[in-house]
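Please work through the exercises below with the sequence and the model at hand. Each task is followed by its solution in steps.

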Amino acid sequence: MYGQDDKVITQSKLEKVLFNNEEYMKELKSIVMIQCVGSRNEEHPYCSRMCCAEAIKNALKAREINPDINVIILYRDIRTYGFKEKYYNIARDKGIIFIEFDENKPPEVKKENSQLNIVLEGKDVGKLKIDTDLVVLSTGIVPPEDNFDLAKMLKVPLNEDKFFLEAHVKLRPSDFATEGIFLCGTARGTANISESIAQAISAASRAVTILSKETLETEGVTAHVLEEKCLGCGRCVEICPYKAIELIEVDKQMGLFSNTIKKAHVIKVVCKGCGTCVAECPDSAMNLDHFGTTQIAPMIEEAIQVKEKEWTPRIIAFLCNWCSYAGADLAGVSRYQYPPNIRIIRVMCSGGISRSYILKAFLNGADGVFVGGCHIGDCHYISGNEYALDRLDHIKNFLGKIGIEEERFERHWISASEGKQFSEIVTEFTKKIEMLGERVKNS
Ligand code: SF4
Ligand code: SF4
Ligand code: SF4
């Protein structure tokens, strides 16, 4: 009926009427508000967060203008979060009627002989028909359609609801993963005006941290291309979570012949050093400064060197810097015991653990290999662990084919706060490797 009958309006239209046309409000006998219109459904599964508070605010204002008006709010849940709960209680005290409806049977708005009415199945009151003068729809907040184009232009990600995705919800809520771009308000998702203002202040402060400097320092750990090896396949460009790699054209002269070929090029100021490109490059043409193959390979060799007199499992654990390594650290400081068989190698991101690291560990004599990363959705490099997931599942199958029991390899997502879980998981894994026994070193 919305758009067909001018007695069916949205909350924002009602707000204008309440502030500009009090006389009209005084003529009305009843208003019915319907919550969650266009929210919490298949298309928009999230809660818009402010329409419940908005409805209650408007209901109270309508009552203030016209104390005899009946206001009925039809709802699925009332979500007046924070201090707004106070207004829900005031509304109840003032006689605003709240009726819960079944989400599978939403209210229907009809018109019979010029009388608007609403038919619904209330959870506690059964089938109901309510005559009303005005129907107000609490419509939700939806992201603009051009978010997708803007995201592509700025090379920043969108979340599953098509709002912009911050670098980290707790650690960097006003930043994008891409340096120098910040976000606030309804760009991030649903937010009311005071939340948007607070976020805008935060985003502006973050921008000042850049604008106030004359020069900027790049990350120490960044990727570089071994140009002579690069095939220009573009895989690294595709997977870099920060869009820090581009393909450039390079002129090659070979005797009498010259041609133009494509090579990867890392934009150092944008690279965050996750190492995902290093692990994904099919031709080992990428490396990471300070945390690359040059550093990790000798660590693998050394970790296997130490042998006890009696056999005891030698397990290499590759742990990501931000979650699993911090989880292991927490296990230590919290005095959760775990076996000394676990020899930890820190990597920046599980996305940077290449197949060659795992194979090298086994081929050098490890009895087991363990990989720990951030939980899916919590990766500090946006999507590094998602690439790790595919790669590591693939390597597990591959191990079986080359005669190494698949059980000798495990991958777990462990957060920085899961020290206890870390100690339990690696203890179990060590017991399993003990049961499997010493692995005969492959030639
Ligand atoms: S705030 Fe209330 S009306 Fe809005 S989507 Fe959430 S539950 Fe529904
Ligand atoms: S994935 Fe490797 S080979 Fe392919 S373009 Fe990138 S660096 Fe070059
Ligand atoms: S190290 Fe990570 S951020 Fe840097 S270029 Fe490679 S994939 Fe991109």
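The exercises concern two ligand shells, one residue and two helix pairs.

This is a predicted model, in which local features need pLDDT of at least 70, side-chain atom pairs count only at pLDDT 80 or more, and totals for chains, interfaces and linings use all residues. Residues are numbered from 1 along each chain as its sequence is written, while chains are lettered from A and ligands numbered from 1 in the order in which they are written.

**Exercise 1.** Determine which residues are closest to ligand 2 and to ligand 3.

Step 1. A residue counts as near a molecule if its C-beta atom, placed from the backbone, lies within 6 Å of it.
Step 2. Around ligand 2 there are 13 residues, with Cys230, Cys233, Cys236, Ala264 and Cys281 the closest.
Step 3. Ligand 3 is surrounded by 15 residues, and the closest are Ala223, Cys240, Cys271, Cys274 and Cys277.
Step 4. For the classes, Ala, Val, Leu, Ile, Met, Phe, Trp, Tyr, Cys and Pro count as nonpolar, Asp, Glu, Lys and Arg as charged, and the others, Gly among them, as polar. The shell of ligand 2 has nine nonpolar, two polar and two charged residues; that of ligand 3 has 10 nonpolar, four polar and one charged.

**Exercise 2.** Decide whether Cys277 is buried or exposed, and list its contacts beyond its sequence neighbours.

Step 1. Cys277 belongs to helix H8 (residues 276-280); helices are DSSP runs (H or I, at least four residues) numbered from the N terminus.
Step 2. A residue is buried if 20 or more other C-beta atoms, placed from the backbone, lie within 10 Å of its own, exposed if 12 or fewer, and partly exposed in between. Cys277 has 28 such atoms within 10 Å and is therefore buried.
Step 3. Contact requires C-beta atoms, placed from the backbone, within 7 Å. Apart from neighbours within four places in sequence, Cys277 contacts Ala223, Cys236, Ile239, Cys240, Ile245 and Met286.

**Exercise 3.** Classify the packing of H3 against H4 and of H9 against H11.

Step 1. Axes are lines fitted to C-alpha atoms, for helices over the stretch in contact, with angles from 0 to 180 degrees between N-to-C directions.
Step 2. Angles under 35 degrees count as roughly parallel, over 145 as roughly antiparallel, 65 to 115 as roughly perpendicular and the rest as oblique.
Step 3. H3 (residues 51-65) and H4 (residues 85-93) pack at about 40 degrees, with axes 10 Å apart. H3 is therefore oblique to H4.
Step 4. The axes of H9 (residues 293-305) and H11 (residues 355-363) come within 9 Å and cross at roughly 25 degrees, so H9 and H11 are roughly parallel to each other.

Notes: Helices (H or I, at least four residues) and strands (E, at least two) are DSSP runs, numbered from the N terminus. Two residues are in contact if their C-beta atoms, placed from the backbone, lie within 7 Å.
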